Amino acid sequence: MPLFTSTFNPKKTPDRKSASLSSLHTLDRSTREMELGVEYGPPVMNIGGQTWKFEDGNWTSESGGGGSGREMQRLKKRNLQLEEENNLLKVKIEILLDMLTEYHLSEDDDGDVKSHLQRKN
């Protein structure tokens, strides 16, 4: 009789059939349509008394109150003005950096000429 052998040898359990976790497949078509609806439509939510709808990748307000619509137009116009001003300032910075670079390069060139002339004298 061997010393290190195990006499415990359990039987393999049979494979289980996978079952769906959803019970919707057991419902008939009319019940599913009643539960889920025929058309799902875009998602809608209500925040602070305003209804928002997700369409074409953007959230849009459905409860378009007169004041809030005018406020949105004013903010969009201001945003556009600020973007244009920002682009103008970026161009000005680029021009100033180019001018500064040219100035430093011309100083280096002048210095090279001066040092070259001093060596000849």
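**Figure 1. Overview of the predicted chain and its accessibility classes.** A residue is termed buried under 20% relative accessible area, exposed over 50%, and partly exposed in between (1.4 Å probe, protein chains only). Of the 121 residues of the chain, 0% count as buried. The model is predicted: local features require a pLDDT of at least 70 and side-chain atom pairs count only at pLDDT 80 or more, whereas totals for chains, interfaces and linings use all residues. Residues are numbered from 1 along each chain as its sequence is written, and side-chain values rest on heavy atoms, with hydrogens and water left out. Two helices and three strands make up the secondary structure of the chain; helices (H or I, at least four residues) and strands (E, at least two) are DSSP runs numbered from the N terminus. From the N terminus on, the elements follow the order α-β-β-β-α.

**Figure 2. Confidence along the chain.** The average pLDDT, the predictor's confidence in each residue on a scale from 0 to 100, is 78 for the chain. A score of at least 70 is reached by 72% of the residues. Confidence is lowest in helix α1 (residues 29–36), with a mean of 74, and highest in β1, at 85.

**Figure 3. The open three-stranded sheet.** The strand order is β1-β2-β3, and the pairing is antiparallel; two strands are taken to pair if DSSP finds at least two bridges between them. Strands β1 (44–47) and β3 (58–61) form the edges, each pairing on one side only. From one strand to the next, the twist averages 30 degrees, with axes taken as lines fitted to C-alpha atoms (for helices over the stretch in contact) and angles running from 0 to 180 degrees between N-to-C directions. Across the sheet, the C-alpha atoms of Ser-61 and Met-45 are separated by 9.8 Å, and the two residues stand 16 apart along the chain. Ser-61 belongs to strand β3 and is partly exposed, at 31% relative accessibility.

**Figure 4. The hairpin of β1 and β2.** These antiparallel strands are joined by four bridges, and Val-44 stands opposite Lys-53 in β2. Two residues lie between the strands of the hairpin. In the turn, Gly-48 has a positive phi of about 60 degrees.

**Figure 5. The hairpin of β2 and β3, with Asp-56 in its turn.** Strand β2 (residues 50–55) pairs with β3 in the antiparallel sense over four bridges. Bridge partners include Glu-55 with Asn-58 in β3, and Trp-52 is placed opposite Ser-61 in β3. Again, two residues separate the strands of the hairpin. Asp-56 lies in the loop between β2 and β3 and adopts a positive phi of about 55 degrees although it is not a glycine. Most residues other than glycine have a negative phi. With a relative accessible area of 80%, Asp-56 is exposed.

**Figure 6. A nonpolar surface patch formed by Met-45, Ile-47, Phe-54 and Trp-59.** Together, these four residues present about 360 Å² of accessible area, computed by the Shrake-Rupley method with a 1.4 Å probe, where for residues only the protein chains shown count as cover. Patches consist of residues with over 30% relative accessible area and no salt bridge; like charges are joined within 9 Å and nonpolar side chains (Val, Leu, Ile, Met, Phe, Trp, Tyr) within 5 Å. One member of the patch, Ile-47, is found in strand β1. The relative accessibility of Ile-47 is 48%, so this residue counts as partly exposed.

**Figure 7. The two salt bridges of the structure.** A salt bridge is defined as a side-chain nitrogen of Lys or Arg within 4 Å of a carboxyl oxygen of Asp or Glu. Side chains of opposite charge can pair when their charged atoms come close. The side chains of Glu-55 and Lys-53 meet at 3.5 Å, N to O; Glu-55 is partly exposed, with a relative accessible area of 35%. A salt bridge of 2.8 Å, N to O, links the side chains of Glu-71 and Arg-74. Both of these residues lie in helix α2 (residues 66–120), three residues apart, about one turn of the helix. Glu-71 is partly exposed at 37% relative accessibility, and Arg-74 is partly exposed at 48%.
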